[in-house]
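Trainee: I should like to request a close examination of a single part of this model. Please treat the paired strands in one connected account, and then set them beside the other elements.

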Amino acid sequence: LVDIDVNSHQSLARRKEMKRLGLSKPEEESDLYLDNTKTAGFVVRAVLDEHEMMETSSQVSGALSQASDATMMYDSSLLRNFKAWVDESKLNQHGSGYFSKGSIMKNLIGTGLEVVWFQDRHPRDIIYCICVDKKSSAITVVFLGEENVFSRVRNSAMMEHRNPIASESYDGNAEFINLRAAVSEEILRPRKDTGKTTLDEIREKVVKIVKELADGGYERYHLSMVGHSLGGGLATVVGFYLASDGRLELASA
C-alpha cells in the first residue's frame, strides 16, 4: 500500500536511500512531517481499491513463493477486516449519503484527521500512529493492542517507575509509582540502539509536529491518547507522563 505511505521508519529510510542514489524528486525530499500526511478519506479509498485488486488477482497466487503467498494472505485478511468495517458503516439503499451517522467510517472521515506518523520499526515493537486535526489543533496518538485473558493474568505484575509529578505537594504523593509492567516496562525502557524510550520518541515527534503547526499559524494544541485493550493501557501511561510534562504547553490533555 505505497499510495498511503506516510512518515515512518521505513519510509524515511527509503527516502534517504532514494536521495543518496539521486532518484528522488525535490517535492519528495521535505523533512516536514505535515508535508507527508494522508487524510482518513484518502486512506479509506486506497485500502478499498487495494482490496478489490487483491480479490480479482487470485490467479497470481499460484506463481508466488510460500513466503510471498503467506504475506499476501496476511495482507488480504487485514483488508477484509477493513472492508467489513466499511460494510457495517454503509447506509441501506434508502438512506442519503454513503456512511450512516455515528458509524466508524462516518466518524473517521468526518473528523478531518490526517495520519502523520506510523511506527513500523518492527511488528513486535509497540505499534502506534500519530494523527492531526488542523481544524481543532488536535494531535492524537493511537496505540494498537490486543491481549487475551491469559496474557492479562500472566502480565499482571507491577513495576516501579519514577513519578513525573513527585514535586507536587499533596497527601500520598511519592518519588516512585507502581504501574502494570505489561504496559509500562517496554514503553519506558531505553532502546539499546538509540538510548531513547518509546515515550521519548513520541514526545519528540509531538514536539516536531507542534512546531510545524505553530509555523503554520495554529495556536496551542490539544493532545489525546487512545487505544483498546493493551493499547488502552499504553495510552494511559503515555498520557500521564506527557500531561505531566510542562515543556509541552498543552491546551488540554
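Mentor: Two strands are taken to pair if DSSP finds at least two bridges between them. The model under discussion is a predicted one, and its chain contains 8 helices and 8 strands. By that criterion, S3 and S4 form a pair, since 4 bridges join these antiparallel strands. Within this pairing, Val-115 is placed opposite Cys-131 of S4. On its other pairing, S4 runs antiparallel to strand S5, residues 138–143, and 6 bridges join the two. Here Cys-129 has Val-142 of S5 as its bridge partner.

The surroundings of S4 deserve attention. Strand S4 spans residues 128–133, and 6 of its 6 residues are buried, so the strand is largely enclosed by the rest of the structure. In a regular strand, side chains alternate between the two faces of the sheet. For S4, both faces are covered: one side carries Tyr-128, Ile-130 and Val-132, the other Cys-129, Cys-131 and Asp-133, and all of these are buried. For the chain as a whole, 36% of the 253 residues count as buried.

From S4 the chain continues into S5 through a hairpin with 4 residues between the strands. Ser-137 belongs to the loop between S4 and S5, and its phi is near 50°, a positive value in a residue other than glycine. Most residues other than glycine have a negative phi. Ser-137 has a relative accessible area of 11%; because the limit for burial is 20%, this residue counts as buried. A second serine invites comparison: Ser-229, also not a glycine, has a positive phi of about 60°. Ser-229 is located in the loop between strand S8 (222–227) and H8, and its relative accessibility of 28% makes it partly exposed.

On the S3 side, Trp-117 lies in the strand formed by residues 114–118. Its relative accessibility is 1%, so Trp-117 is buried. The C-alpha atoms of Trp-117 and Cys-131 are 7.1 Å apart, although 14 residues separate them in sequence. Beyond its neighbours within four places in sequence, the contacts of Trp-117 include Tyr-128, Cys-129 and Ile-130, and also Val-6, Leu-12, Tyr-33 and Lys-205. In the chain, 59% of the contacts between residues at least 6 apart in sequence join residues at least 24 apart.

Lys-205, one of the contacts of Trp-117, leads to the helices, as H7 covers residues 198–215. The axes of H7 and H8 (residues 230–243) are 11 Å apart and meet at an angle of about 60°; the two helices are therefore oblique to each other. Their crossing is right-handed. Leu-199, Ile-202 and Arg-203 of H7 make the contact with Val-238, Tyr-241 and Leu-242 of H8. By class, these residues comprise 5 nonpolar, no polar and 1 charged. Tyr-241 is itself buried, at 10% relative accessibility. Among the residues it touches more than four places away in sequence are His-161, Pro-164, Leu-188 and Leu-199. Between Tyr-241 and Asn-163 the C-alpha separation is 8.7 Å, across 78 residues of sequence.

Definitions and conventions:
Residues numbered from 1 in each chain as written. Predicted model: local features only at pLDDT ≥ 70, side-chain atom pairs only at ≥ 80, totals over all residues. Heavy atoms only, no water. Axes fitted to C-alpha atoms, helices over the stretch in contact; angles between N-to-C directions. Parallel < 35°, antiparallel > 145°, perpendicular 65-115°, else oblique. Left-handed = near helix turned anticlockwise from the far one by under 90°. Contact = heavy atoms within 4.5 Å. Nonpolar A, V, L, I, M, F, W, Y, C, P; charged D, E, K, R; others polar. Buried < 20%, exposed > 50% of the residue type's maximum accessible area, 1.4 Å probe, protein only.
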